[in-house]
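Dear colleague,

Please find below the structure that I am handing over to you. The notes that follow it are meant for a reader who has not worked with it before.

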Amino acid sequence: MPSIQQLPAHVADRIAAGEVVERPASVVKELVENSIDAGASAVAVELRRGGMGLIRVTDNGCGIAPEELPTAFLRHATSKLRKPEDLGSIGTLGFRGEALAAISAVSRVEIRTRRREDPMGAVLRLEGGAPGAVEESGAPEGTAILVRDLFFNTPARLKFMKKDSAETAAAAGLMQHLALSHPEVSFKFIKDGAEALHTPGDGRLDSAIYAALGRDFARSLIPVKGGGDGVAVSGFVTRPLQGRGSRGMQVFFVNGRFIKSQLLTAALEEGYRNQIMKGRFPGCVLAVEMPAEAVDVNVHPAKTVVKFAREKAVFDAVYYTVLDCLAERGGPVPAPPPAEAGKTANPRGDFFQSMDARTYREREAKPAARKAEGSPSPPAWNTERGGPRLSDSVPPPKSWAPAPPEERTPERREAGPPPGLGRPAEKRPPARERPFVPAIPQMGAELPGQKTLERPREAPWRVAGEVLRTYIVCESEDGCVFLIDKHAAHERINFDRMKAALEPPMRQALLTPAAVELGREDASLLLENLPLLEEFGFSCEDFGGGSVLVREVPADMDAADVTAVLEEIAGKLRSGRSAEERREGLLHTMACKAAIKGGWKSSPEELRALVEKVQSGEVKYCPHGRPVAVRLTKYELEKMFKRA
């Protein structure tokens with residue numbers, strides 16, 4: 001057994017750095033949170049090559065004393081904790097004292113800072129965690145940190161980095177969350193020399209939402225405010241009719257810290273129960289405030305997961321705040337009270353009249369009384385012009401036998417002078433004899449120019465009908481009854497067809513290109529996979545500000561579903577592990593959107609075509625693994641009715 005020994009400092013630092021610095025966005029998060037803790041009112045972040053080339057974070061905070069610069073890059077060196085009791089009530093974003101040490105261990109760092117009371121600033125450079133000498137330098141008030149060549153000394157980590165566009169998108173999404181959590185700070189995000197985000201920093205959450213998440217999303221929100229039992233909830237949620245295709249627009253903050261919480265997500269969606277369409281998700285920007293000692297933020301190195309001391313109180317605060325808001329402002333429009341049967345408005349007054357049984361009997365009794373007295377009955381209803389209909393005054397014939405044949409009129413001759421008056425009569429060519437065709441052809445006889453086709457063999461099943469406009473009822477010849485989900489069956493047919501297709505699907509060009517607002521992270525993800533979208537019939541391009549301009553969509557997809565489809569595709573691309581899994585995820589989405597929906601009215605031919613695919617065994621399960629048909633035997637049916 002090998003002997004136990006302590007790891008060298010440089011090895012231990014690199015291992016610790018891997019817990020904090022996962023990608024360039026992790027560096028941005030730690031540095032910007034330090035700027036916010038320093039009391040900055042303006043923070044600027046600049047990235048080049050997705051952060052692998054350069055990360056620059058500049059703020060106007062309190063700055064760092066020159067003599068404390070080397071200490072700031074030591075592990076567990078912090079200005080936010082002083083005694084053990086402080087761990088129970090952490091009110092700052094950073095507190096571990098590991099961020100600067102971890103970043104400097106895997107990159108080349110330069111920090112330039114100046115306090116307000118100092119006439120000159122100071123600069124310190126580090127490479128691989130090794131600091132140089134502190135030098136005096138001119139600098140504006142605040143701190144500017146430059147991080148170059150990230151992971152230059154850990155090449156194994158470089159293999160796990162994604163494309164520059166994906167790393168930039170991750171940093172952009174992080175900047176959105178930071179800007180929303182602190183609307184009192186003005187944030188600026190610059191990628192490869194182009195400004196991608198700039199918030200006003202006026203302290204208004206709606207202004208930050210407008211700048212970070214876009215105009216369309218901001219206009220779909222309604223404000224919420226409430227809470228109880230020591231928990232305060234405020235922010236904005238989407239109206240039920242403007243749900244999203246994924247949970248990508250659900251943003252939660254606890255005491256100013258962006259977190260990911262299944263508890264808060266469940267509370268939010270529970271408030272929308274029975275008010276939002278199935279398959280749609282609410283969006284929100286919700287801030288939860290509670291005592292610092294009631295939440296533990298020290299359960300994850302990235303500090304994006306927290307633990308609540310009283311989970312039920314937090315759940316109830318979010319749930320009832322959202323529920324009360326929707327009941328007051330965002331709920332469904334109440335339906336008007338039904339009118340009385342005898343007073344139903346009928347603008348034409350001639351048909352589709354509504355009345356109760358008593359009114360109908362009285363109305364029908366009046367013409368019968370007039371007929372018994374010998375007086376003519378007025379027409380039952382008039383046309384739009386006010387005159388009686390012909391069918392009201394002339395009763396229909398009792399028998400519909402064909403009328404006797406009329407006398408044949410003499411054949412008319414061609415126009416022109418008769419023979420002998422102007423020109424000699426011309427001899428007409430003899431008419432060709434036409435083949436005799438009997439009115440009722442004999443069995444087995446073929447008509448001229450036609451070929452008798454064999455009668456198709458009847459299927460060993462019968463479509464009995466459809467229930468709930470969703471399930472097809474089919475009866476087989478062996479006495480079994482099948483219930484077939486028409487949406488699931490059609491979805492599987494589409495999935496198999498698209499997967500086996502060798503050519504890209506047909507497209508339809510939109511008359512007006514659709515600008516789909518998805519958020520910067522999802523938009524960058526779609527633009528990174530444009531060849532894959534082209535393969536499925538989409539023609540998209542960057543529209544700026546987290547929006548994608550769609551010019552063409554697949555021909556069998558409803559153009560009104562383009563926003564929901566792209567949102568779902570972005571979610572599939574985010575969760576897929578390999579290229580094949582991402583492709584299959586897109587196939588699932590496209591097959592589902594192009595399939596017949598439950599509740600749609602289908603023709604008998606469509607139902608028969610779906611049943612034929614299911615009964616032949618070609619379709620058994622939908623792409624998601626759900627069964628397409630349920631089989632009930634005659635014995636099972638009779639057992640239900642106590643007949644067996």
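Which residue of β8 is the bridge partner of Ala-42? In β8, that partner is Ser-186. Please bear in mind throughout that this is a predicted model.

Strands β1, β8 and β9

The bridge just named belongs to the pairing of strand β1, residues 42-48, with strand β8, residues 186-191. These two strands run in the parallel sense and are joined over 6 bridges. Strand β8 also pairs with strand β9, which covers residues 194-198. Here the sense is antiparallel, and 4 bridges join the two strands. Within this pairing, Lys-191 stands opposite Ala-194 of β9. Together, β8 and β9 form a hairpin that leaves 2 residues between the strands. Asp-192 lies in the turn and has a positive phi of about 50°.

The sheet of five strands

A further part of the model is an open sheet of 5 strands, in the order β10-β11-β14-β12-β13 and with mixed pairing. Its edges are formed by β10 (221-228) and β13 (257-259), each of which pairs on one side only. On average, and with direction ignored, neighbouring strands of this sheet are turned by 20° against each other.

At one end of that order, strand β12, residues 250-254, pairs with β13 in the antiparallel sense over 3 bridges. One residue pair can be named here: Phe-252 has Ile-259 of β13 as its bridge partner.

Two helices are found against this sheet. Helix α7, residues 205-213, packs on the sheet and touches β10, β11 (231-238) and β14. The direction of α7 makes about 45° with that of β11. Helix α6, residues 164-181, lies across β12, β13 and β14 (284-289). Relative to β12, helix α6 runs at about 50°.

One residue of helix α7 deserves a separate remark, namely Ala-208. Its relative accessible area is 2%, so Ala-208 is buried. Leaving aside neighbours within four places in sequence, Ala-208 is in contact with Ala-179, Leu-180, Pro-183 and Leu-213. Ala-208 and Phe-187 are 21 residues apart along the chain, and their C-alpha atoms are separated by 9.5 Å.

Helices α6 and α14

How is the packing of two helices described? The angle between their axes and the distance between the axes serve this purpose. For α6 and helix α14 (residues 520-528), the angle is about 170° and the axes are 8 Å apart. An angle over 145° counts as roughly antiparallel, and therefore α6 is roughly antiparallel to α14. On the α6 side, the contact is made by Ser-165, Ala-166, Ala-169, Ala-172, Gly-173 and Gln-176. On the α14 side, Arg-520, Glu-521, Ser-524 and Glu-528 take part.

Helix α14 also holds Asp-522. With a relative accessibility of 10%, Asp-522 counts as buried. Not counting residues up to four places away in sequence, Asp-522 touches Ala-570 and Arg-574.

Aromatic residues

The structure holds 3 aromatic pairs. In one of them, Phe-315 and Tyr-319 have ring centres 6.2 Å apart and ring planes at 20°, so the pair is stacked. Both residues belong to helix α10 (residues 311-330), and because they are 4 residues apart there, about one helical turn separates them. Phe-315 is partly exposed, at a relative accessible area of 23%, whereas Tyr-319 is buried, at 17%.

Are the rings of Tyr-319 and Tyr-320 stacked or edge-to-face? Their planes stand at 70° and their centres are 4.8 Å apart, so this pair is edge-to-face. Tyr-320 has a relative accessibility of 45% and therefore counts as partly exposed. Phe-315, Tyr-319 and Tyr-320 form one aromatic cluster.

An aromatic ring also meets a charge elsewhere in the model: the charged end of Arg-108 sits over the ring of Phe-152, 4.0 Å from the ring centre.

With kind regards

Key. Residues numbered from 1 in each chain as written. Predicted model: local features only at pLDDT ≥ 70, side-chain atom pairs only at ≥ 80, totals over all residues. Heavy atoms only, no water. Pairing = 2+ DSSP bridges. Axes fitted to C-alpha atoms, helices over the stretch in contact; angles between N-to-C directions. Contact = heavy atoms within 4.5 Å. Phe/Tyr/Trp six-rings, centres within 6.5 Å; stacked < 30°, edge-to-face > 60°. Buried < 20%, exposed > 50% of the residue type's maximum accessible area, 1.4 Å probe, protein only. Lys NZ or Arg CZ within 6 Å of the ring centre and 35° of its normal. Parallel < 35°, antiparallel > 145°, perpendicular 65-115°, else oblique.
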